[in-house]
Amino acid sequence: MRDIAVVGFAQTPCVRETDGTTNGVEMLVPIFHEVLGSLGLTKSDIGFWCSGSSDYLAGRAFSFVSAVDAIGAFPPIMESHVEMDAAWALYEAWVKLLCGEVDTALVYGFGKSSAGQLRRVMAMQLDPYVVTPLWPDSIGLAGIQARMGIEAGLWDERAMASVAAQSRAAALANPLAQLSGTVGVDELLAEDYVADPLRRHDCAPITDGAATIVLAAGDRARELCERPAWITGFEHRVDSPSFGARDLLTSPSAVAAGKAAGAEGVEVAELHAPFTHQEILLRQALGLGDISVNPSGGVLAGNPMFAAGLARIGEAARRVHDGSASKVLGHATSGPLLQQNLVCVMEGRD
């Protein structure tokens, strides 16, 4: 099997609202320039392009086609798209490289959540016959899951607030974070509920943003990057979309993806956990123990829809690139309440 690595990563600042259009072009052009420039590449050096986004979020059909304007009309490109987080577009690109069709690929994801009512948009992913007509929003559903975990003794509100406080403290070192700062757990617990037992700090903020990753194979990766983040395990699994058909206090798909990807022994993990209790749940599901989790601040510090999962892989890869870790894990989730989970394990080689 071919050796494939993450060799480049760039993302926009995570912000509450941008002035750009929902097709993402204004966000994508600068980060394409940044990531290609850092590697000494031009657009013609990329063998395959793949993106992740959502027409529901953009409020228009085939919005990803408009996003291709950021790449340009010439030279002609080989391009694909997934209607979900761009972490799954990265998986598609990885398979493309494994097959030997190309040696390089650029993956990108974008989302302008400020353009609509995100909590209502997210309800469109639910069962269209028996759940969506009730319009339960994403925060309300997460509140049910969080309450179940509290009653089962798996976590409490103080543990959830501690996750938020750690996220904001870690994000102080991340200039692209939307939320950062030093805050005490007691201060957070004094806030009002948004959806009992969730407070505002328990929920990832509404964020506009984009991210991009460059993959390369074999000797090409070694030429482009001094210390490539070699992908040694890449798996994704899916659970039933029916809430009554799965245990909401664990994540079977995360457990299965973690085992298949070889998550044992990772030193750093970036988890795509949009709610504080879900970070606790994912730590348990992936068997992460007491390692460093979300040193970037994670999605609680900035959650650009359809780019946040890709960014978790990019942030994890950065720890290999800079030599601060030898084995890392990037995680992405999609669907309601951790229904789908993807795990990418990367390693550095001296």
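This is a guided tour of a predicted model, moving from the whole chain to its cores and then to single residues.

**The whole chain**

Begin with the full protein in cartoon view, where twelve helices and twelve strands can be traced. The radius of gyration is 19 Å, close to the 20 Å that the globule rule gives for 350 residues, so the protein is as compact as a globular protein of that length. If you align the view to the principal axes, the C-alpha trace spans about 55 × 45 × 40 Å.

Next, switch on a surface: the accessible area comes to about 14,000 Å², and 52% of that belongs to carbon and sulfur atoms. Beneath that surface, 59% of the 350 residues count as buried. Of the contacts with a separation of 6 or more, 77% are made by residues 24 or more positions apart. Colouring by charge picks out 25 positive and 41 negative charges, whose mean positions are 0 Å apart.

**The nonpolar cores**

In soluble globular proteins, nonpolar side chains tend to be buried together. Here, select Trp-155, Leu-198, Leu-271, Leu-288 and Leu-329, which touch the most other members of the largest nonpolar core, a set of 40 residues. Then add helix 6 (138-151), helix 7 (157-170), helix 10 (252-261), helix 11 (276-286) and strand 12 (340-347), each of which supplies at least two residues of this core.

Keep Leu-271 in view and show its surroundings: beyond the residues up to four places away in sequence, Leu-271 touches Glu-279, Leu-282, Arg-283, Leu-286, Leu-288, Val-293, Asn-294, Arg-312, Leu-329 and His-331. Now move the selection to Phe-9, Trp-88, Ala-325 and Cys-344, which are among the 39 residues of a second, separate core.

**Two pairs to compare along the chain**

Select Ala-170 in helix 7 and put a distance label from its C-alpha atom to that of Ser-180, ten residues further along the chain, which should read 7.5 Å. Leaving aside neighbours within four places in sequence, Ala-170 is in contact with Asn-294, Pro-295 and Gly-297.

Go then to Cys-99, in the loop between helix 4 (86-98) and strand 4 (104-112). Cys-99 has a relative accessible area of 55%, which is over the 50% cut-off, and therefore counts as exposed. A C-alpha to C-alpha label from Cys-99 to Ile-139 spans 40 Å, for a separation of 40 residues in sequence.

**Backbone details**

Most residues other than glycine have a negative phi, and most peptide bonds are trans. The following stops depart from that pattern, and the backbone is best shown as sticks.

- Pro-75 sits in the loop between helix 3 (63-67) and strand 3 (79-82), and the peptide bond leading to Pro-75 from Phe-74 is cis, with omega near 0°.
- Pro-197 is placed in the loop between strand 5 (193-195) and strand 6 (198-199), where a cis peptide bond with omega of about 10° joins Asp-196 to Pro-197.
- Phe-62, in the loop between helix 2 (55-58) and helix 3, is not a glycine and yet has a positive phi of about 55°.
- Phe-306, in the loop between strand 10 (292-293) and helix 12 (308-321), likewise is a residue other than glycine with a positive phi, near 70°.

As a last step, show the surface again over the two phenylalanines: which is buried and which is exposed? Phe-62 is exposed, with a relative accessible area of 55%, whereas Phe-306, at 15% relative accessibility, counts as buried.

Terms used: Residues are numbered from 1 along each chain as its sequence is written. This is a predicted model: local features need pLDDT of at least 70, side-chain atom pairs count only at pLDDT 80 or more; totals for chains, interfaces and linings use all residues. Side-chain values use heavy atoms; hydrogens and water are left out. Helices (H or I, at least four residues) and strands (E, at least two) are DSSP runs, numbered from the N terminus. The radius of gyration is taken over C-alpha atoms; the globule rule is 2.2 Å times the number of residues to the power 0.38. Buried means under 20% relative accessible area, exposed over 50%, partly exposed in between (1.4 Å probe, protein chains only). Contact means heavy atoms within 4.5 Å. Accessible areas come from the Shrake-Rupley method with a 1.4 Å probe; for residues, only the protein chains shown count as cover. Lys and Arg count as positive and Asp and Glu as negative; His and the chain ends are not counted. The place of a charge is taken as NZ of Lys, CZ of Arg, CG of Asp or CD of Glu. A nonpolar core is a set of buried Ala, Val, Leu, Ile, Met, Phe, Trp, Tyr and Cys residues joined through side-chain atoms within 4.5 Å.
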